[in-house]
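Reader: I have a sequence and a model open on my screen, and I would like to learn how to read them. Could you walk me through it?

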Amino acid sequence: MGAVTACAGFPGSNANGIGSTARQVPVEIDGVPAGLEARAKTVLETDHAAPRSVLEARNRASMSADTLEEFLASEGYLAADVSPELVERVEKKPRLDVSAGDLFRIASVSVTLATPVSDTLQARLDAEKQKLSPGAPARTSDIEDLDRRLVRTLRDRGHAFAESDGIDVLASRKDKTVELTYALRPGPFVRLGDMVMTETGGTDADAIRVFRTWTPGDPYSAEKIDQLRLRLRSSGLFDGIGVEVSETPDDNGLYPVNLTLSEAKRRSIGAGVTASTTDGVGADAFWERRNITGAGDTLRVQAEVATLARELATTYTRPNIGRYGRTLTAEAGVRGEETDAYDLQGIKFGAALSQPFNKNFTLSAGASLDATRTKELRLRALLEPRELYTLSFPLAATYSTVKKPLDPQEGVRAFLGVEPGLSLGDATAGYTRMLLSGSTYRKIADGPFVAALRGELGAFLGSDSVPLDRLFFAGGGGSVRGFEYQSLSPRDSTGALIGGRSLFDMSAELRWRRSDRLGYVLFVDSGAAAGSVEDVFGDLRTAVGVGVRYYPGFGPIRVDIATPLDRRDGEDPVQFYVSIGQSF
């Protein structure tokens with residue numbers, strides 16, 4: 001047995017009593033079983049003002065005694081008695097004397113069903129029942145949790161309308177035990193029918209049926225209904241979603257699923273900014289129109305203007321072609337880049353079809369035509385522009401278990417891209433470009449720290465006569481922070497950047513979320529581009545840095561500063577980066 005003091009806070013006080021101006025009246029408790037003192041204090045804490053009379057103080061002490069008795073009973077001390085000491089004056093601390101008695105334990109657990117269920121389901125119920133074994137403490141939370149699990153077991157295996165008629169608890173003061181009887185009503189075994197939509201707004205009914213997560217005739221499960229809700233919500237088409245299984249079967253004995261949907265706004269706009277000492281200053285904006293034809297399709301126009309590059313692109317996305325998740329993306333755009341390696345202007349047309357095979361893994365295949373006019377800086381002089389038409393067929397596989405793309409905290413991401421292509425025009429050149437990248441994120445000890453690791457490996461096969469942006473460059477905010485944009489790349493005899501056939505870079509970060517709004521980062525970046533796989537690891541450069549993260553609610557705004565570990569002549573000592581979202 002132990003003693004504990006619970007303080008009743010008054011207006012103006014905080015949890016720690018720091019800066020408090022109001023009086024505090026502690027409640028003294030004596031006789032609480034060991035291990036329950038802290039929780040007993042918690043259930044008795046209050047923000048009520050100080051009692052204004054002896055009668056009010058006595059009433060509060062009596063109510064506190066009742067609350068403490070209920071708490072002890074919920075922990076298995078069913079015979080506990082809590083007596084408040086008589087309060088003679090307002091200033092006296094209310095004292096509760098506790099006689100907890102013996103801990104009651106489970107004697108037996110039985111389950112009664114209003115209607116029989118299948119032998120397989122009965123075995124499942126028996127297995128759940130065994131998790132509350134005889135001899136266990138008779139805690140209310142454990143007893144009620146079993147009731148919820150039994151109902152969920154019925155619902156997850158076809159009995160959509162299963163309910164509990166309550167728990168019969170028979171306690172023996174003599175034996176200090178309780179006998180539990182769970183009364184369940186399984187209801188009918190439900191096989192799901194089609195979806196019935198009372199109102200779809202501007203969305204075609206067939207486009208909504210694609211979201212269905214079952215084949216008519218499948219047994220009901222809560223997971224299938226929850227997955228339907230998730231698909232409807234993630235589509236972005238609806239801001240109000242109601243899903244309900246009909247209690248009456250149709251003529252085929254199937255139970256329809258009724259949908260009530262409220263259409264979301266169809267238009268949205270957005271903007272963002274970036275800045276760094278290496279990549280320059282940039283801004284981007286987009287306009288988006290959703291559900292153009294009623295099939296959930298989207299038209300998006302996005303513009304980016306930065307020191308080194310400009311782009312205007314229009315993208316059309318048509319989801320769920322023939323089956324859920326199969327998505328067609330078509331794009332047309334113009335772009336321009338002026339870097340230390342080349343000046344490029346281009347027009348691009350492309351389309352890709354992607355198909356998820358589960359919630360984590362997706363494959364995509366596409367084709368694109370890119371018309372470019374490129375001036376390459378070689379031998380410290382801009383060469384005559386080359387006009388090329390590049391036809392490519394990008395293939396990609398992605399795997400992700402990350403739930404927060406802008407601020408990942410757990411999970412992994414992986415990407416494998418293979419791009420075979422052919423350039424025609426001022427040169428004829430075939431090539432294959434391959435890129436493998438991955439990142440992993442893990443919370444440390446379930447605390448405010450996240451360890452993040454990223455790696456990227458690229459290889460180029462074929463002729464160098466393709467547009468120079470098809471080769472690899474390293475350095476800058478999206479690669480190795482601390483070095484100028486593209487600076488960690490192969491050079492010719494005069495020092496002009498010429499691009500590499502191999503790439504490797506990696507980053508490691510330790511992220512500390514100090515508060516809801518503020519966080520800090522320590523990071524190490526290393527990488528290079530080179531003429532061959534063997535050379536790239538011999539040319540690696542490394543930088544270290546720190547960052548600040550501000551969380552306005554939609555994702556972190558990041559500010560990073562990095563410095564090279566082995567700075568060479570002509571390299572700046574530090575580089576700054578400002579952007580939205582984590583660096584990877």
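Author: Happily! The chain has seven helices and 28 strands in its secondary structure; helices (H or I, at least four residues) and strands (E, at least two) are DSSP runs, numbered from the N terminus. With a radius of gyration of 33 Å, well over the 25 Å that the globule rule gives for 584 residues, the chain is more spread out than a compact globule. That radius is taken over C-alpha atoms, and the globule rule is 2.2 Å times the number of residues to the power 0.38. The C-alpha trace spans about 100 × 70 × 45 Å along its principal axes.

Reader: What should I keep in mind about the model itself?

Author: This is a predicted model, in which local features need pLDDT of at least 70 and side-chain atom pairs count only at pLDDT 80 or more, while totals for chains, interfaces and linings use all residues. Residues are numbered from 1 along each chain as its sequence is written, and side-chain values use heavy atoms, with hydrogens and water left out.

Reader: How do I read a sheet, and in which order do the strands β5, β6 and β7 lie?

Author: Strands of a sheet pair through backbone hydrogen bonds, either parallel or antiparallel. Here, two strands pair if DSSP finds at least two bridges between them. The order is β5-β7-β6, an open sheet of three strands with mixed pairing. At its edges are β5 (105–113) and β6 (163–172), each pairing on one side only. On average, neighbouring strands of this sheet are turned by 15° against each other, direction ignored. Axes are lines fitted to C-alpha atoms, for helices over the stretch in contact, and angles run from 0 to 180 degrees between N-to-C directions.

Reader: Which residues can I click on to see the pairing?

Author: Try Y182 in β7, which stands opposite V111 and also opposite I167. Eight bridges join β5 to β7 (residues 177–185) in the parallel sense, whereas β6 and β7 run antiparallel, with nine bridges. The hairpin of β6 and β7 has four residues between the strands, and K176 there takes a positive phi near 55°.

Reader: Which strands of the other three-strand sheet, β8-β10-β9, stand at the edges?

Author: That sheet is open too, and its pairing is mixed. Its edges are β8 (192–197) and β9 (238–245); each has a single partner strand, so one side of each is left without a neighbour in the sheet. Neighbouring strands are turned by 20° against each other on average, direction ignored. β8 pairs with β10 (residues 255–263) in the parallel sense over four bridges, and L259 in β10 is the bridge partner of M197. Helix α6 packs on this sheet, touching β8, β9 and β10, where contact means heavy atoms within 4.5 Å. The direction of α6 makes about 160° with that of β9.

Reader: And how do I read empty space?

Author: Rolling a probe the size of a water molecule over the atoms shows where empty space is left. On a 1 Å grid over the protein atoms alone, a cavity is a set of points where a 1.4 Å probe fits but cannot get out, and a pocket is an open set with protein on both sides within 12 Å along at least five of seven lines; lining residues have an atom within 4 Å of a point. Grid points are joined across faces, edges and corners, and a volume is the space filled by probe spheres set on the points. The whole structure holds one cavity of 30 Å³ or more. Its lining includes G236, E263 and R290.

Reader: How much space lies in the second largest pocket?

Author: About 1,200 Å³. Of its 31 lining residues, S234, Y324, P356, N358 and K359 are the closest to the centre. α6 gives the largest share of that lining, six residues.
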